[in-house]
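Please look first at the model as a whole, and then follow the protein surface that faces the nucleic acid. The paragraphs below take the two DNA strands in turn and the helix that serves both.

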Amino acid sequence: MPSQPTFLQKVELVVSQIPAGKVMTYGQIAQCIGEGTARLVGMALSSLPTGSSIPWHRVVNVKGGISPRANPQSSLEQIQRLLGEGLQFNRNQELDLNSYRFKP
DNA sequence: AGATTGACTGCAT
DNA sequence: CATGCAGCCAATC
């Protein structure tokens, strides 16, 4: 009998619901879960193991861009994956949330 | 067990 | 418009 789901697992559940070509902000995910805050979402994703089946690359900050992180190589990978899904970055290296934000 | 950290966000200056 | 600070709370040491 499994124990109660951790916050991390709740985040994984919501993130896995994001369709390709769309993105969600940290705060939006926290609100969708109904518990925690944007920071907790970011921390949860930081603890995800490499090769996770979770589309964590579809999670961006409220600006539609990639937040600065401990491992810059990972942010680059996130951009590459989003480009591969057909999203387009503007000259500020940010996405247009008015078009790409996933609205449940 | 308690202290520190951090992939955020909004408001103030 | 840029920069600073406070609040949020699980995960980690």
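How do the residues of the surface near DNA strand C divide by class? By class, that surface has four nonpolar, three polar and one charged residues, where Ala, Val, Leu, Ile, Met, Phe, Trp, Tyr, Cys and Pro count as nonpolar, Asp, Glu, Lys and Arg as charged, and the others, Gly among them, as polar. This is a predicted model, in which local features need pLDDT of at least 70 and side-chain atom pairs count only at pLDDT 80 or more, while totals for chains, interfaces and linings use all residues. Residues are numbered from 1 along each chain as its sequence is written, chains are lettered from A and ligands numbered from 1 in the order in which they are written, and side-chain values use heavy atoms, with hydrogens and water left out.

The residues around DNA strand C (those with a heavy atom within 4 Å of it) are Thr6, Phe7, Leu8, Thr37, Arg39, Leu40, Met43 and Ser47. Of the atoms of DNA strand C that come within 4 Å of the protein, 54% belong to sugar and phosphate. A polar contact (a pair of N or O atoms within 3.5 Å) places a polar side-chain atom of Arg39 2.5 Å from a base oxygen of this strand. With helices taken as DSSP runs of H or I of at least four residues, and strands as runs of E of at least two, numbered from the N terminus, α3 (38-46) gives the most to this surface, with three residues.

The buried residues of α3 (under 20% relative accessible area, with exposed meaning over 50% and partly exposed in between, for a 1.4 Å probe and protein chains only) are Val41, Ala44 and Leu45. Seen down the axis of α3, these residues fall within an arc of 95 degrees, taken over the directions from the helix axis to the C-beta atoms, so they line one face of the helix. They pack against α1, α2 and β2, whereas the face turned away from them carries the exposed residues Arg39, Met43 and Ser46.

α3 also gives the most to the surface near DNA strand B, with six residues. Of the 16 residues around DNA strand B, Arg39, Gly42, Met43, Ser46 and Ser67 come nearest. A polar backbone atom of Leu45 is 2.9 Å from a base nitrogen of this strand, while a phosphate oxygen lies 2.8 Å from an N or O atom in the side chain of Ser67.

Conventions: Polar contact = N/O pair within 3.5 Å; in protein donor to acceptor, adjacent residues only side chain to side chain. Contact = heavy atoms within 4.5 Å.
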